[in-house]
Amino acid sequence: MHSVILAPMEGLVDAPMRDILTRIGGIDRCVSEFIRVTDGPLHPAALHRILPESRQGWRTAAGVPVHPQLLGSDPDWLAHNGAWLADLGAPAVDLNFGCPAKTVNRHRGGATLLREPETLYRIVSAMRAALPARVPVTAKMRLGYSDTSQTLECAQALADGGGCRDCRSRSHP
Ligand SMILES: Cc1cc2nc3c(=O)[nH]c(=O)nc-3n(C[C@H](O)[C@H](O)[C@H](O)COP(=O)(O)O)c2cc1C
């Protein structure tokens with residue numbers, strides 16, 4: 001059984017768009033636009049702005065779950081904020097290792113980390129350790145930053161760190 005996940009798109013797939021598309025149907029779950037984590041706790045207002053569904057049971061009005069997506073490179077602060085989201089009832093925490101935007105990559109977020117499989121491993125395993133077992137850790141990557149020479153190494157690092165293959169599963173990894 002496969003499930004259909006609505007691709008996150010910063011600036012495009014926001015809460016109103018998620019609402020419209022999930023009312024039409026055919027979507028099993030959504031992932032939020034990325035929420036940037038630098039070196040501190042997330043502000044509740046930022047969460048509410050990006051993911052207003054977090055105050056509505058983490059679901060769109062049509063009842064489709066919305067998973068928060070975090071972007072950053074600091075394992076400890078990502079894990080700290082992931083744990084906060086889990087406390088608020090987030091159904092899963094997704095990590096962004098796919099964004100190729102220069103402004104994001106300059107601050108060591110998104111796809112640039114695909115050149116550092118060791119960092120991917122440290123981030124995912126810190127997140128896994130910080131979340132209760134019932135909350136899956138997922139990650140979105142692209143084939144590579146500039147080539148595909150490390151694709152499998154990166155995917156393996158995410159799996160080894162505890163990213164789950166199927167976030168419908170409740171057991172980990
Ligand atoms: C404007 C725009 C914003 C995006 N924002 C995100 C994002 O916030 N998080 C993420 O993981 N991917 C993001 N993506 C990547 C998309 O989810 C998708 O993986 C990508 O567009 C590949 O699909 P495509 O080949 O059909 O474009 C974004 C893509 C676009 C074009």
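1. In this predicted model, the buried residues of helix α3 pack against α2 (44-50), β3 (66-71), β4 (93-97) and α5 (117-130). The residues of α3 that are buried are P75, L78, A79, N81, G82, L85 and A86.

2. Helix α3 itself covers residues 75-87, 13 residues in all. From its first C-alpha to its last it reaches 18 Å, close to the 18 Å expected at 1.5 Å a residue.

3. Both ends of α3 have a local feature to look at. At the start, the backbone nitrogen of D76 has a side-chain oxygen of D74 within 2.9 Å. After the helix comes G89, with a positive phi near 100 degrees.

4. A second site to inspect is R18, which is placed in helix α1 (residues 15-24). Is R18 buried or exposed? R18 counts as buried because its relative accessible area is 0%, and the cut-off for buried is under 20%.

5. Which partners do the polar atoms of the R18 side chain have? One is E53, whose side chain is joined to that of R18 by a polar contact of 2.8 Å. Another is the backbone oxygen of I50, which lies 3.2 Å from a polar atom of the R18 side chain.

6. I50 and E53 also appear in the contact list of R18, which leaves out residues up to four places away in sequence. The list further holds L51 and P52, along with C30, V31, S32 and E33. L6, V13, T60 and V66 are the remaining residues that R18 touches on that count.

Methods. Residues numbered from 1 in each chain as written. Predicted model: local features only at pLDDT ≥ 70, side-chain atom pairs only at ≥ 80, totals over all residues. Heavy atoms only, no water. Helix = DSSP H or I, 4+ residues; strand = E, 2+ residues; numbered from the N terminus. Expected span 1.5 Å × (residues − 1). Buried < 20%, exposed > 50% of the residue type's maximum accessible area, 1.4 Å probe, protein only. Contact = heavy atoms within 4.5 Å. Polar contact = N/O pair within 3.5 Å; in protein donor to acceptor, adjacent residues only side chain to side chain.
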